[in-house]
Amino acid sequence: MTVSAESIESVQQLTTVWRTMVLDRDADADVRDLPGIAVRWADSRFGFFNCITLTEAEAGAELVRHRLSQAADIMRTKKHPGFVWLFEDLLDDEARSALETTAEEAGLQYAFPGTGMAGDLLPVPEPAHPDLTFARVSTDEQLRAYADLQSRAYGLPLEEGRDGLVGSVLWKNEVYAYLAMRGDEPVACAATVEAQGRLFVAFVATDPQWQRKGYGEAVTRKALYEGERATGLTRATLHATAAGAPVYPRIGFRPNTRIHFYSLKG
């Protein structure tokens, strides 16, 4: 088997962006690159900032078993829970077939699915939506609103999203983070950040009471539009949740690898 360049790119985008994000959250964050494993762990209450991923291409069943056991051992040393992000296309056929059993034996449980996506789709037209205006995040109040949208979209306590984002200098200056505003109310959000010659789309969310109105797509287009205007980059990448996966191909993204998210067994 040959692992596609897009799948390898997807893993590398995660390790690059998350290194920046977690070090912004905590200068002493665990950002080790071990053989076959990248740790990007802020030990934040916001679980998405606590990440471990496997990095070897064409990994066989025995190697994956060993790496997932190592990942679980690392997670057990941490204060706050997080996720193993496992990019399916990096595994050989035998490892894929055995994955459910292998993860369980390592002490991990399946959390939810994701999909890596990318495309040479920039620039995009300036977005517009009849219900919305857009505001770039530049103040603590706006960043708190962005964090709260994350929490509401994922069903988390507000404190968890705030623990990940509130107080960040990076998010108010170097990330192209946007709120979609319906009047004075923030209803959706999306961000892009430069990473290895790409624009990486991160932390798209819509308040559950305002979903299915095109708000998430509109604000994603805004973050891409402004990110491209500032950087001139033409390629964009992202990791989609199941909720977002149908939206992004309309913008021009193409799926590459499936992503399996695992947490420690309770």
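**Overall fold and two buried charged residues**

The protein chain is built from nine helices and eleven strands. Keep in mind that this is a predicted model.

How does the overall size work out? For a chain of 266 residues, a compact globule would be expected to have a radius of gyration near 18 Å, and the protein chain comes out at 18 Å, so the two agree. Laid along its principal axes, the set of C-alpha atoms takes up a box of roughly 55 × 35 × 30 Å. Of the 266 residues, 55% are buried. The contacts tell a story about sequence distance too: if we take those between residues at least 6 apart in sequence, 75% of them link residues at least 24 apart.

Next comes the outside. The accessible surface of the protein chain adds up to about 11,600 Å², and carbon and sulfur atoms account for 46% of that. As for charge, there are 28 positive and 37 negative ones, and their mean positions sit 3 Å apart.

Two residues make good close-up examples, starting with R40. This arginine belongs to strand β2, which covers residues 37-41. Is R40 buried or exposed? Its relative accessibility is just 4%, and since anything under 20% counts as buried, R40 is buried. Setting aside residues up to four places away in sequence, R40 touches a whole list of partners: T15, W18, R19, V22, D30, V31, R32, D33, F49, N50 and C51. One name on that list, R32, comes up again at the level of single atoms: a polar atom of the R40 side chain lies 3.4 Å from the backbone oxygen of R32. For a sense of scale, R40 and N173 are 133 residues apart along the sequence, while their C-alpha atoms are 22 Å apart in space.

The other example is E88, found in the loop that runs between β4 (83-87) and α3 (93-97). With a relative accessible area of 11%, E88 also falls under the 20% limit, so this glutamate is buried as well. Which residues does E88 meet, once neighbours within four places in sequence are left out? The contacts are R96, T257, R258 and H260. With H260 there is something extra to look for: the side chains of E88 and H260 make a polar contact at 2.7 Å.

How values were computed: Residues numbered from 1 in each chain as written. Predicted model: local features only at pLDDT ≥ 70, side-chain atom pairs only at ≥ 80, totals over all residues. Heavy atoms only, no water. Helix = DSSP H or I, 4+ residues; strand = E, 2+ residues; numbered from the N terminus. Rg over C-alpha atoms; globule rule 2.2 N^0.38 Å. Buried < 20%, exposed > 50% of the residue type's maximum accessible area, 1.4 Å probe, protein only. Contact = heavy atoms within 4.5 Å. Areas by Shrake-Rupley, 256 points an atom, 1.4 Å probe, with all protein chains shown as cover. Lys, Arg positive; Asp, Glu negative; His and termini not counted. Charge placed at Lys NZ, Arg CZ, Asp CG, Glu CD. Polar contact = N/O pair within 3.5 Å; in protein donor to acceptor, adjacent residues only side chain to side chain.
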